[in-house]
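Colleague: Could you take me through one part of this model with care, namely the place where the ligand is held? I am new to reading structures, and I would like to see how the separate details fit together.

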Amino acid sequence: MAEMKNEFAKEKSLVVIKPDGIQRGLIGEIIKRYENTGLKLVALKMFIPAPDFVEKHYLVDPEWPIKTGTKTIKSYKDKGENPPSEDPLEITRKVLDNLKKYISSGPVVAMVWQGAHAVGLIRKITGSTEPLTSDVGTIRGDYTIDSYSLADIDGRAIRNLIHASGTPEEAEKEIALWFHPEEINEYRLINEAMLYDVNLDGILE
Ligand code: ATP
Ligand code: MG
């Protein structure tokens, strides 16, 4: 069987089911969505992250504070509402404090998924940050309720069930933070022949 000629099938994404996802009983449903695509689960563990670890995780991408603050401001303006501040970094300082409380409030399930376009596919299935405006059919859109304004009124992080890496480069750095190399399993899934092999010559007897 000729294998795929490239390394695309090795792309990895970090997915973390946040404490609200665990409490809502959605571990199985969330895993099923990713598994159904044909992506391969190569690592999985459950633990309670410390607040400092959560900070390290979000600051793995040095651009994260500016991107997340800017996205928040845009979301308010798209709805014709006033953002809590016009300064993206001021917004993110508060978001990060609230995220540390949220993500360390209970156990999370951390996973590494591997396959072609793993990062993009997982972001698509997960949906955009704010459940109120996430597309129908996405996990955040279908299984929860939250919004920027609700989270702001109560001074807390948006509860959106999942973290998923934003880019393959970010995924690499995040995976190095969340997993030891020996926790990542290298194996072949039977399904991969159908997804990636150049010639489907293994079917007929
Ligand atoms: P994640 O990184 O968790 O996958 P994301 O990439 O969709 O989510 P980010 O911009 O990276 O979103 O923000 C990280 C997390 O911080 C969000 O998932 C959400 O829980 C929370 N968050 C982001 N912006 C705000 C905000 N303005 N108010 C409250 N919580 C926020
Ligand atoms: Mg993010």
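Modeller: What follows is a walk from the chain as a whole to the surroundings of the ligand.

Please keep in mind throughout that this is a predicted model. The chain has 10 helices and 4 strands, and, when you read along the sequence, these elements follow the pattern β-α-α-β-α-α-α-β-α-α-α-β-α-α. Along its principal axes the C-alpha trace spans about 65 × 35 × 30 Å. For 205 residues, a compact globule would be expected to have a radius of gyration near 17 Å, and the 18 Å found for this chain agrees with that.

With the chain in view, we can turn to the ligand. Ligand 1 sits in the largest pocket, and the elements that contribute two or more residues to the shell around ligand 1 are α4 (64-78), α5 (88-103) and β4 (162-164). Of these, α4 provides the largest share of the shell, with 4 residues.

The shell itself can be described residue by residue. In total, 20 residues surround ligand 1, and the closest of them are K18, T68, T129, I158 and N160. Sorted by character, the residues of this shell divide into 10 nonpolar, 5 polar and 5 charged.

Several side chains also place a polar atom at a short list of distances that you can check in the display. In the side chain of Y58, an N or O atom is 2.9 Å from an oxygen atom of ligand 1. A polar side-chain atom of K71 lies 3.0 Å from an oxygen atom of ligand 1, and for H163 the distance from a side-chain N or O atom to an oxygen atom of the ligand is 3.0 Å. Taken alone, ligand 1 exposes 580 Å², and the protein buries 95% of that area.

Key: Residues numbered from 1 in each chain as written. Chains lettered and ligands numbered in written order. Predicted model: local features only at pLDDT ≥ 70, side-chain atom pairs only at ≥ 80, totals over all residues. Heavy atoms only, no water. Near = heavy atom within 4 Å. Polar contact = N/O pair within 3.5 Å; in protein donor to acceptor, adjacent residues only side chain to side chain. Areas by Shrake-Rupley, 256 points an atom, 1.4 Å probe, with all protein chains shown as cover. 1 Å grid on protein atoms, 1.4 Å probe; cavity = no way out; pocket = protein on both sides within 12 Å on 5 of 7 lines; lining within 4 Å. Sits in = over half its atoms within 2 Å of the grid points. Nonpolar A, V, L, I, M, F, W, Y, C, P; charged D, E, K, R; others polar. Rg over C-alpha atoms; globule rule 2.2 N^0.38 Å.
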